[in-house]
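Open the model in your viewer and keep the sequence panel visible. Each stop gives a selection and then what to look for.

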Amino acid sequence: MSSNTFGKLFAVTTFGESHGPAIGCVIDGCPPGITIAPEDFAHDLSRRATGKSRWTSQRREADVVEILSGVYQGKTTGTPVALLIRNTDARSRDYADIAETFRPGHADYTYWQKYGIRDPRGGGRASARETTMRVAAAVIAKRWLKEKFGIGVRGWLAQMDDIAPDLPAGAGIDFDVVESNPFFWPVAAQVPELEGRVNALRKAGDSCGARVDVVATGVPPGWGEPVYGKLDAEFASALMSINAVKGVEIGAGFASVSQKGSEHRDEMRLDGFASNHAGGILGGISSGQDILVSIALKPTSSIMLPGRSVNTAGDEVEVRTKGRHDPCVGIRATPIAEAMVALVLMDQALRHRAQCGDVGEVKPRIGRRQS
Ligand SMILES: Cc1cc2nc3c(=O)[nH]c(=O)nc-3n(C[C@H](O)[C@H](O)[C@H](O)COP(=O)(O)O)c2cc1C
């Protein structure tokens with residue numbers, strides 16, 4: 001069995017490797033009539049791209065999208081939408097040293113064990129290059145969700161190493177600030193500290209982990225499929241499919257463990273819920289509150305510091321990874337996390353419409369005031 005398709009009704013299949021000729025996706029089930037042009041993908045792809053700042057991998061890809069099918073006169077037709085991006089800046093010689101060696105912490109050993117063969121160039125299919133197509137597919141999903149429901153999906157870097165945003169408790173996120181720096185960091189004054197940390201890590205040949213938070217606003221109540229397709233389970237699965245993600249939290253997440261019931265429950269008034277520890281999901285169904293999800297990303301495994309490993313011949317060896325790598329994979333993960341949240345919501349919207357489209361708005365409906 002293989003698993004390269006995501007979603008049931010808005011089904012996105014991705015293909016391609018880091019250093020192959022191209023990467024691409026086919027979206028089956030895309031609603032007809034969505035206005036889309038190749039240049040519409042540029043903004044989000046550029047947010048995800050490497051080589052845009054000194055703080056990420058220096059691979060420079062143009063990420064130009066070719067629409068191969070499913071769009072006529074600028075609108076989706078309901079037939080499969082096929083998108084292609086050609087790889088133009090692969091440097092496979094960087095991987096010659098590790099072609100026979102398993103990097104500790106990377107997917108080299110497990111791909112070898114599963115398939116008995118692997119493409120070591122740039123991490124092959126396990127490279128975060130694959131996530132480019134998720135971001136591209138989500139451009140269409142984000143547009144539809146915005147037009148149909150006014151839904152917005154925004155993320156930010158919520159921790160890098162041990163640095164947390166210096167925000168007063170309860171303060172909102174200023175997305176103009178988030179978009180004004182290459183870290184997607186919500187506090188401009190802390191950006192030099194982040195730069196200093198990345199510089200120090202690079203000098204030490206090491207890497208660090210990160211946390212990304214995403215909020216989806218405007219999601220109507222009622223989406224999600226109890227019990228095996230609970231909305232929170234769908235988010236967990238989708239976000240865990242992102243490379244290097246080792247943890248997912250919904251709402252208060254693991255902090256719920258030390259909360260009391262009186263604190264955790266989100267009390268209800270007609271004009272809104274009093275808090276949002278549930279992260280906008282109750283019983284696997286959206287409540288109409290903001291959806292709040294967080295991911296923990298592990299430190300990059302390809303680092304210059306020597307480490308112990310084994311090679312394909314069965315020798316114990318020392319490995320140092322050269323080449324162009326992200327010192328903190330979380331720095332570029334914000335648009336990818338947003339994309340997975342948008343793809344889940346798009347699929348759930350269509351699934352809800354299929355089963356419950358006739359139910360309509362049920363009274364009473366709690367307002368959107370958030371305290
Ligand atoms: C945006 C992003 C960029 C990444 N860049 C690198 C990288 O430069 N070098 C690396 O070794 N891993 C990188 N990774 C992580 C690997 O792709 C990932 O650790 C590997 O596929 C093993 O999968 P796992 O960590 O999910 O177990 C990146 C991940 C993301 C999300």
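Helices here are DSSP runs of H or I with at least four residues, strands are DSSP runs of E with at least two, and both are numbered from the N terminus. The model is a predicted one.

**Stop 1: the Lys-363 to Pro-364 bond**

Select Lys-363 and Pro-364. The peptide bond joining them is cis, with omega about -10 degrees. Pro-364 sits in the loop between α8 and β18 (369-370).

Now move to Pro-226 and Val-227. This peptide bond is cis as well, with omega near 5 degrees. Val-227 belongs to the loop between β9 and α6.

**Stop 2: the ligand shell**

Select the residues around the ligand. There are 20 of them, and Ala-126, Ala-128, Asn-243, Ser-302 and His-325 come nearest. Colour the shell by class. You get eight nonpolar, nine polar and three charged residues.

**Stop 3: the N-terminal hairpins**

Select residues 5-6 and 11-16. These are strands β1 and β2. They pair in the antiparallel sense over two bridges. Thr-5 has Thr-13 of β2 as its bridge partner. Four residues lie between the strands of this hairpin, and Gly-7 has a positive phi near 95 degrees.

Add residues 22-28, strand β3. β2 and β3 run antiparallel and are joined by six bridges. Gly-16 has Ile-23 of β3 as its bridge partner. This second hairpin has five residues between its strands.

Show the side chains of β2. Which residues point to the buried face of β2? Val-12, Thr-14 and Gly-16 do. Ala-11, Thr-13 and Phe-15 point to the other face and are not buried. In a regular strand, side chains alternate between the two faces of the sheet.

**Stop 4: Arg-59**

Select Arg-59, in the loop between α1 (42-48) and β4 (65-69). Is Arg-59 buried or exposed? Arg-59 is buried, because 21 C-beta neighbours fall inside 10 Å, and the cut-off for buried is 20 or more. Leaving out residues up to four places away in sequence, Arg-59 touches Thr-50, Gly-51, Asp-89 and Arg-324.

Draw a distance from the C-alpha of Arg-59 to that of Asn-276. The viewer should give 40 Å, for two residues 217 apart along the chain.

**Stop 5: the four-strand sheet**

Select β8, β9, β15 and β10. They form an open sheet in the order β8-β9-β15-β10, with antiparallel pairing. The edge strands are β8 (152-160) and β10 (245-250), each pairing on one side only. From one strand to the next the twist averages 20 degrees.

Zoom to β10 and β15 (291-297). Five bridges join these two antiparallel strands. Glu-249 has Ser-294 of β15 as its bridge partner.

**Stop 6: the helices across the sheet**

Keep the sheet and add residues 231-240. This is helix α6, which lies across β10 and β15 and runs at about 155 degrees to β10.

Then add residues 334-356, helix α8. α8 lies across β8, β9 (210-217) and β15, at about 140 degrees to β8. Its end C-alpha atoms are 32 Å apart; at 1.5 Å a residue its 23 residues should span 33 Å, so the two agree. How many of the residues of α8 are buried? The count is 17 of the 23, so α8 is largely enclosed by the rest of the structure.

**Stop 7: helix α5**

Select residues 191-204. Helix α5 has 14 residues and reaches 20 Å from its first C-alpha to its last, close to the 20 Å expected at 1.5 Å a residue. Step on to Gly-205, which follows α5 and has a positive phi near 70 degrees.

**Stop 8: positive phi without glycine**

Select Gln-73. Its phi is positive, about 50 degrees, although Gln-73 is not a glycine. Gln-73 is in the loop between β5 (71-72) and β6 (75-76). Gln-73 counts as exposed because it has 6 C-beta neighbours inside 10 Å; the cut-off for exposed is 12 or fewer.

Finish on Asp-161. Asp-161 is not a glycine either, and its phi is positive at about 55 degrees. The loop here runs between β8 and α4 (175-178). Why does Asp-161 count as partly exposed? Asp-161 has 17 C-beta neighbours inside 10 Å, and partly exposed covers the counts between the exposed and buried cut-offs.

How values were computed
Residues numbered from 1 in each chain as written. Predicted model: local features only at pLDDT ≥ 70, side-chain atom pairs only at ≥ 80, totals over all residues. Near = placed C-beta within 6 Å. Nonpolar A, V, L, I, M, F, W, Y, C, P; charged D, E, K, R; others polar. Pairing = 2+ DSSP bridges. Expected span 1.5 Å × (residues − 1). Contact = placed C-beta atoms within 7 Å. Axes fitted to C-alpha atoms, helices over the stretch in contact; angles between N-to-C directions.
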